[in-house]
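Dear colleague,

I am handing over the structure below, and would ask you to open it before reading the notes that follow. They deal with the enclosed space and the ligand.

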Amino acid sequence: MAKKERWASRLGLVLAMAGNAVGLGNFLRFPAQAAANGGGAFLIPYLVALLVMGVPLIWVEWAMGRYGGQFGHHSTPGIFDSIGRRPYWKYIGVFGLWSNLIIAAFYLYIESWTLAYAGYSLLGGFETTSAGAFFDRITGNFPNSIWAFSVPGLVMFALCIIINIFILSRGLAAGIELVSKIGMPLLIVFAIIIAIRGLLIVPGVEPITDQARAAAGFGIIDPQAVASPFEGLRFLWEPKFDSLANPAVWLAAAGQIFFTLSIGMGSIHCYASYLREQDDIALTGSTAAWTNEFCEVILGGSILLPIAVAYLGLSQVQEMTAGGSGFGIGFMTFPTLFQKWGVLAPVAGFLWFGLLFFAAITSSLAMGQPIMSFFQTEFGLSRSKSALAFGAMLLPFAAPVAFLAQGSFFDEFDYWAGTFALVVLATAEAVLFAWIFGMDRAWAEIGKGAEMRVPRPFYYIIKYVTPTFLILILVAYTFQPAGRMEVTDGVTLQKKLVEKGWTPYITGWFGKEPIPKWEWSPSGMIGKLLYRDLALQKQD
Ligand code: PHE
Ligand code: NA
């Protein structure tokens, strides 16, 4: 076996971990989830979830990863095994592989769009092609079919997977770490440029033409409705207390915290397992987490909503993000709007999709590495063989993503792998670390080599509050929205809803409708699928 791999530098480690966390979730999912859940009303549950689950679980995952790494384990099953010392823990740990694999399949697909869009923007493609037409060109569009693919789209997807496998095969320091050192600073610079230019938009002075509007597929714009971009900021950042009693908002906020910090996926376990025993995790872990929060609340918050509000007005923007998805605005609306940006117009699209690409690739690598490490450490495969094994395992999941219409499965993937499985794994690890390993040992692990004292209240938060919260969330999942109608599941349903005048969302990945009423369904998650069928029937 190859000699023990390590991160080459502290800075590289922080950037790799921040790159892991900062992803499409920060720039597309966060603003849309916030808008769909009442803007500033989302922020309070979000910050509470950050403090009682996000930050504590970051420390827990870093500590577990570093601990397992000392026994030569670099993926969740092995790490759980080194802590749990009961055979079943390693099987629970397998969640930490599957979630990554399944999320990676559709994440890489979207990553390939950002790559295609960045290239096309740079070539000036959107001066003549509408974003909608380009979207159809790369995702394929056969009316009334569950199939959706195109040759250029498949090529880009394959290219993207190959790039990821290649980077992974170069090893930690020469691969992920190097890409993060280049990608993270660029991403932040690009985001700052876009955000500043966006906040300088003078509403009404740069109106969008009816033609551009039609091309981008958004509705009639009421000139009275367009507002200052700062209205978008205010909507997002001004705390509102009116939804604190709404469980749907809490669930959405907790879900976003998980997704954005990459918690409960096994990805952080893996990265942290390449630390040395005495490396600090208290300060380094929080630095990576706060970098993600900066890139989410500040940067992510200053782009999608303010720009869209300045051109379209808040109500139209709320309508477009009602499903919690930022895809429509990010991929369909922005390339059109950027054409109005004067000197920046030729590069604005490149900056936007470039930043999305860097955000995405440093995250998709973080999904691939645990699977790769699993093959390396548990089966003794070489680095390149392990990277290829990741590619091979990806195929059965990438195939439906590549060939089927997004509406038919994105929502399922996102729900099972991107939402539910994360909470299961996080609950398991919180119990394992705080209760089975033991809170005193866990606390000592977190504090080992620490360059910052973790405030004592976190001892109790990790022991009691975090697991309680997690269990509450699992219970909440067994409640189903009563008579809920899924807007985004299934091409047919989508079409029917369009006919009925609903806003057409591009995809179901981020597509969750605001939920009206709740009822307990003992069948839990299964109920969710049933409801979709009911919704389908209701439409007939
Ligand atoms: N945290 C990433 C984002 O915000 C997503 C991610 C999930 C990254 C799983 C790594 C592992 O987009
Ligand atoms: Na993130």
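**Cavities and ligand 1**

Four cavities of 30 Å³ or more are present in the structure, which is a predicted model. The second largest cavity contains about 130 Å³ of space, and the elements that each give two or more residues to its lining are α1, α2, α6, α12 and α18. That lining is made up of 18 residues, and those nearest the centre of the cavity are Asn20, Phe259, Ser262, Ser363 and Met367. Sorted by class, the lining of the second largest cavity has nine nonpolar residues, nine polar residues and no charged ones.

What takes up the space of the second largest cavity? The space is that taken by ligand 1, and around ligand 1 there are 15 residues, among which Ala21, Gly25, Tyr107, Phe259 and Met265 come nearest. This shell divides into six nonpolar and nine polar residues, again with no charged residue.

As for where the shell comes from, at least two residues each are supplied by α1 (10–21), α2 (24–36), α6 (95–122), α12 (247–261) and α18 (345–379), and the largest share, three residues, belongs to α2.

Three polar contacts with ligand 1 may be useful to look at in turn. An oxygen atom of ligand 1 lies 2.6 Å from a polar side-chain atom of Tyr107, while a backbone N or O atom of Leu24 is found 3.2 Å from an oxygen atom of the ligand. On the nitrogen side, an N or O atom in the side chain of Ser262 is 3.0 Å from a nitrogen atom of ligand 1. Taken on its own, ligand 1 has 320 Å² of accessible area, and the protein covers 100% of that area.

With best regards

Notes
Residues numbered from 1 in each chain as written. Chains lettered and ligands numbered in written order. Predicted model: local features only at pLDDT ≥ 70, side-chain atom pairs only at ≥ 80, totals over all residues. Heavy atoms only, no water. Near = heavy atom within 4 Å. Polar contact = N/O pair within 3.5 Å; in protein donor to acceptor, adjacent residues only side chain to side chain. Areas by Shrake-Rupley, 256 points an atom, 1.4 Å probe, with all protein chains shown as cover. 1 Å grid on protein atoms, 1.4 Å probe; cavity = no way out; pocket = protein on both sides within 12 Å on 5 of 7 lines; lining within 4 Å. Sits in = over half its atoms within 2 Å of the grid points. Helix = DSSP H or I, 4+ residues; strand = E, 2+ residues; numbered from the N terminus. Nonpolar A, V, L, I, M, F, W, Y, C, P; charged D, E, K, R; others polar. Points joined across faces, edges and corners; volume = space filled by probe spheres on them.
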